[in-house]
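Hi,

Here is the structure I promised to send over. Please open it alongside this message, and my notes follow underneath.

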Amino acid sequence: MVKKVIDSIVDPQQKLSYLETRMEVLESCDSIIEECLATHQPLEKCIETCFDFLTKLIEFDEIYIYTYDETLEKRLFGIQPDLSGLSNFSLENSPFSMKEAAFEKNGSTTFYVLPINFNGETIGVFGASRKKSGRFSDDMVLDIMYIASEQLDNYFFAIQESRRKYNVVTEIQKALASEVLKNAIDHSIEILCSFVPLREVFLIFRDDDEAFSNLIQYYFYQNTKRLFDSSKNKHSKIEEIIGLNRKNLFNPDNREIEKALFSNQVLEIINLKNSHHHSIGKIFAVPVNKMGFSLVHKEMLRIFSECLTQRMVDFNRERTWLRNFFSYKDTEKLLSESNYIEKYLKPRQTTIGVMFADIAGFTKLCEQVLVKPERITQFIDSWSRKAVKFLFKNNGVLDKIVGDCILGLFGPPFNELPPGELARLTLKTAISIRNFTHDFLQWPENSDIRNSNFVQNFGVSFGVNLCSANIGLIGPNRNFTAFGSEINNTARLQGVAGSQQILLSKSIKEEIEKSGNQENWKFGNAESVQVKNVRDSLVYFRLLD
């Protein structure tokens, strides 16, 4: 178009004047856009300022641009003339498919329109009309409009790219909000690949809880499809690397994964760090081509890593909260299901096994033997940590630890086991803790107890029951707990038991015997005791050695 217009001007002076006009248009539009960008003006303000300049220069009657705004919605800027007599120029006739500039006369008015293109893509149309012919020919008008649009289309495209980037980030954040982490990562990787040309993505991370920091998970994607992961489809080489480098795998200078999986490949490695700046994972990203990633794509990878890190921090916080009550196996199963709180943790009434375990004579033991707070704390931590392991091993749930007393529940959170199995696991756990407590006395750190008068009566008293109770997340702290009259009776039953004694309710005994009593446990005769605030006597049985 430029050569055609300039060649059509015969007079050298006119040609020079027109070239100066073109330069004025280019510099003025460029200056307007630069000022708008520097002062963070909205798109509407930028277009309006350019329109003012062009209208004065060419004496347009109407001028408009139809393109995407900051929200990526199609929008008309300016005033569109009446195009009813010009069907080819109508915005209703797919203006975004327009390929070439054109003008058309209708009566005394001339209408101009040209596509706004960027990198081969039509992102809008630029149109105007005038009645006066003025000093510029129709071809010159289109040429001047073309110069202005060339300056504006970079601005339009930058807005589109910024908005697209914002939308991608928003979609990634929405995807990562999914309750199930694996699904969240799968979906977010798919969205990331729609913006960044990725051939392979490998994500590996560890548990942020120091107690479980040796637990490492990974996901390996190729063209958005997850090929391997640490739970079901394990990768033998990755498993080998984890086994050999578990302690220092996430150090920034550890290159074992890179050497084993991505040797001689263009690669972007991003270290994931928690709020304490400790390394908790890595992302390995391989581009589709061998040229590497552009700055825009690197920036998106960085944003993705930040979003993912925050999701992992939230996930670890949620997992740590669940581990206050549930075993590792039950926690992972809960987290693998969507809406798990509604399904399993919402308060409900059901039959459960209940175990109270309390160290006999603990108050006197603290006052006369352990004495120092740090020694008491060490004793409780060592004993309760091991006792809870037995609880979790037998599918139990930790309701609470109060001082030296442990309250364990059996049945939740999935409530899938029959009463006989609940009774068996409840009693089995009590026996395991009792046996451990006997061995615990022989630990070197407990020599002070062995050398005291408490050694003869050192042990734990137990009360176990099978009963109906209300269970679930209850209270402002969202603690998983059980309550009901039978829970209180189990605590009273434990209070009757002596050191290393296990007292069980009638319901426990009957369910164990009904299911065959495969462990051949022996029970004493029925006994009863009157306890405070209960009208009827408590009936119970002793577990015989």
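Below is what turned up, taken topic by topic.

Before anything else, please keep in mind that this is a predicted model.

Charged patches

Let me start with the negative charges. Glu24, Glu27, Asp30, Glu34 and Glu35 gather on the surface as a patch of negative charge. One of them, Glu24, sits in helix H2, which covers residues 12-38. Is Glu24 buried or partly exposed? Its relative accessibility is 38%, and because partly exposed is the class between 20% and 50%, Glu24 belongs there.

There is also a patch of positive charge on the surface, made up of Arg385, Lys386, Lys389, Lys393 and Lys428. Helix H12 (residues 373-393) supplies the largest share of this patch, with 4 residues. Lys428, for its part, is found in helix H13 (residues 419-440). With a relative accessibility of 33%, Lys428 also counts as partly exposed.

A helix with a buried face

Helix H6 runs over residues 236-245, and its buried residues are Ile238, Ile241, Ile242 and Asn245. How do these residues lie around the axis of H6? Looking down that axis, they fall within an arc of 100°, so they line one face of the helix. The general background is that an α-helix has 3.6 residues a turn, so residues three or four places apart point the same way. On the face of H6 turned away from the buried side, you will find the exposed residues Ser236, Gly243 and Leu244.

Happy to go through any of this with you at the screen.

Best wishes

Notes: Residues are numbered from 1 along each chain as its sequence is written. This is a predicted model: local features need pLDDT of at least 70, side-chain atom pairs count only at pLDDT 80 or more; totals for chains, interfaces and linings use all residues. Side-chain values use heavy atoms; hydrogens and water are left out. Patches are made of residues with over 30% relative accessible area and no salt bridge: like charges are joined within 9 Å, nonpolar side chains (Val, Leu, Ile, Met, Phe, Trp, Tyr) within 5 Å. Accessible areas come from the Shrake-Rupley method with a 1.4 Å probe; for residues, only the protein chains shown count as cover. A salt bridge is a side-chain nitrogen of Lys or Arg within 4 Å of a carboxyl oxygen of Asp or Glu. Lys and Arg count as positive and Asp and Glu as negative; His and the chain ends are not counted. The place of a charge is taken as NZ of Lys, CZ of Arg, CG of Asp or CD of Glu. Helices (H or I, at least four residues) and strands (E, at least two) are DSSP runs, numbered from the N terminus. Buried means under 20% relative accessible area, exposed over 50%, partly exposed in between (1.4 Å probe, protein chains only). The arc is that of the directions from the helix axis to the C-beta atoms.
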